[in-house]
Amino acid sequence: MIIGIDGHMLGDHSGGNESYYRNILREMVVSSDDIVYLFVRDTIEADEYKDKFRVIRFRSKSAFLRNFYELDLLCKKYQVEVLHTQYFIPFIRHCKVVCTIHDICFEHYKDIFIKKEYLRQKILIPYAAKHSDYIFTVSEYSKNDIVKQYRIKPEKVIVTYNAVNQRFHTLDKNDLNEEELRGKFGIGKAKYILTVGNLQPRKNIPRLIEAFNLWNKQNNHDVKLVIVGKKAWLYSDVIKAVNKKPESIVLTDYVSDEDLIRLYNGAECFIYPSFFEGFGIPPLEAMACGIPVAVANTTSLPEVVGNAGLYFDPFMISSIADAIDRLMNYKDRNEMIKKGFKQVGKFHWNDSAGLIVDTYHRTVR
C-alpha cells in the first residue's frame with residue numbers, strides 16, 4: 001500500500017495539533033509492505049522521520065495552494081492510495097482521503113476567530129468532514145459533536161485519543177535545576193501557578209488572570225501566575241489583563257519541551273480555564289509531572305481528566321478563583337497526584353497510531 005501523510009503542521013508550534021502528529025508519527029509502525037510518504041514544509045528539520053518515511057518537501061509557500069493543489073499533484077506523482085490530512089482536504093482527489101478534525105469550535109463560538117479564519121473553517125471543514133472516507137478525532141465529545149453537526153454516520157468517525165509523551169515525568173532536583181529555571185523566565189523566588197495554552201480567546205486567559213488577581217488579593221500571598229504559550233490571535237485582552245498587575249504575571253511565550261517539563265515540575269499546581277477543547281493535552285502533561293490540576297467543566301475536559309482533578313465554571317471569575325484556592329490548599333494533595341498518574345496511564349499514543357494505520361488499510365480494501 002502507498003500512503004501519503006500531510007505533515008505541514010510539523011514545526012509550526014501550534015500546540016496540540018502539532019503534538020498529535022509528532023507523537024502519532026513517532027509511534028506509527030510501518031509495515032515493510034507499505035510505502036509512506038511524509039509531505040513537509042521545506043523549512044523544517046526532518047531527519048528524525050527519514051528512517052520510517054519517505055520525506056517529500058512542499059514547494060509552495062502558500063497554504064491554500066499546498067492544501068488544494070500541490071497535495072493532489074504529489075499524490076498523483078507518487079501513486080498514493082490513501083492521503084491523511086488535517087482539517088482540510090483537496091477539492092480534486094485522485095485517491096482515498098482520511099482527515100483528522102480535532103474539534104469544531106468555530107461552529108459554537110464564531111466571534112473568537114478572526115473573520116477570515118472563521119469563514120475558511122466554516123466552508124472547508126464541513127466539506128472535509130462530508131467528503132473524507134474516514135475522520136479521526138481526539139475524544140468522544142468531538143466525535144459526537146461532528147456526527148451531530150454534519151449528520152455523519154458514527155462509524156465513519158474514529159476516536160484516536162491524544163496522550164502524553166513519555167518525556168513528561170517527575171524530575172529530581174538536579175534535572176529540575178529550579179534556580180536556573182526561575183531566573184530564565186523571570187519568576188523569581190515566589191511560588192507559582194501554571195497554565196499552558198496559546199494566547200487566543202478560547203483559552204480564556206483574561207478570566208483566569210482576573211480570578212488569580214482576586215484570589216491573590218484576598219489571600220495576600222506572594223504567588224505568581226505563569227502563562228506558557230505563543231501569541232496566536234485576538235490576544236490583546238490577555239495583554240491588557242496582564243498589564244493591570246504585571247508584577248504577578250509571567251508570560252513566557254513558546255518554550256521548548258525541556259523547559260515546559262521543568263515548568264510543570266516546579267509549579268505548585270496547574271489550572272486550565274479553556275472553555276472549548278477537542279481533547280486538551282496540557283492537563284495530562286501536568287498530571288504526568290506530578291502536580292494537581294483543575295480544569296473547566298466543559299466539552300472534552302471531564303473525559304480527559306476524569307476523577308483526577310478539580311472542576312470549575314470557566315465563565316465565572318469566582319468559580320475559577322475558588323478552584324485556585326482549593327488547589328493551593330488541597331488537604332489530600334498526594335492522593336490527587338496519585339489519581340493523576342493513574343489517569344495519564346489510560347491514554348497511549350501507540351494505541352491511536354495503530355488505529356490510524358488500520359484505518360489506512362481498511363480505506364482501500
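Is tyrosine 69 buried or exposed? Let's work through that and a few companions. The model is predicted, so local features need pLDDT of at least 70 and side-chain atom pairs count only at pLDDT 80 or more, while totals for chains, interfaces and linings use all residues. Numbering runs from 1 along each chain as its sequence is written, and side-chain values use heavy atoms, with hydrogens and water left out.

**Exercise 1. Classify tyrosine 69 and place it on the surface.**

Step 1. Start with the cut-offs: buried means under 20% relative accessible area, exposed over 50%, and partly exposed in between (1.4 Å probe, protein chains only).

Step 2. Tyrosine 69 has a relative accessible area of 53%, so this residue is exposed.

Step 3. Now look at its surroundings. Tyr69 belongs to a nonpolar surface patch with Phe64, Leu65, Leu73, Phe91 and Ile92, and together they have about 630 Å² of accessible area. A patch takes residues with over 30% relative accessible area and no salt bridge, joining like charges within 9 Å and nonpolar side chains (Val, Leu, Ile, Met, Phe, Trp, Tyr) within 5 Å. The areas come from the Shrake-Rupley method with a 1.4 Å probe; for residues, only the protein chains shown count as cover.

**Exercise 2. Describe the helix that carries tyrosine 69.**

Step 1. Tyrosine 69 lies in helix α2, residues 63-77. Helices (H or I, at least four residues) and strands (E, at least two) are DSSP runs, numbered from the N terminus.

Step 2. Check the length: the 15 residues of α2 reach 20 Å from first C-alpha to last, close to the 21 Å expected at 1.5 Å a residue. That expected span is 1.5 Å times one less than the number of residues.

Step 3. Look for a bend. α2 has a kink of about 40 degrees centred on glutamate 70, the bend being the angle between axes fitted to the seven residues ending there and the seven starting there.

Step 4. Turn to the buried residues, which are Arg66, Asn67, Phe68, Glu70, Leu71, Asp72, Leu74 and Cys75. The buried residues of α2 pack against β1 (2-6), β2 (35-40), β3 (54-57), β4 (82-86) and α3 (115-131); contact means heavy atoms within 4.5 Å.

**Exercise 3. Set out the salt bridge between arginine 120 and glutamate 117.**

Step 1. A salt bridge is a side-chain nitrogen of Lys or Arg within 4 Å of a carboxyl oxygen of Asp or Glu. The whole structure has 16 of them.

Step 2. Arginine 120 and glutamate 117 meet at 3.0 Å, N to O. Both lie in helix α3, three residues apart, about one turn of the helix.

Step 3. An α-helix has 3.6 residues a turn, so residues three or four places apart point the same way.

Step 4. Both partners are partly exposed: arginine 120 at 33% and glutamate 117 at 23%.

**Exercise 4. Which parts of the chain does the pair of aspartate 259 and lysine 184 link?**

Step 1. The closest N and O atoms of this salt bridge are 2.5 Å apart.

Step 2. The pair links distant parts of the chain: aspartate 259 sits in helix α9 (residues 257-266) and lysine 184 in helix α6 (residues 178-185), 75 residues apart.

Step 3. Aspartate 259 is buried at 8% relative accessibility, whereas lysine 184 is partly exposed at 47%.
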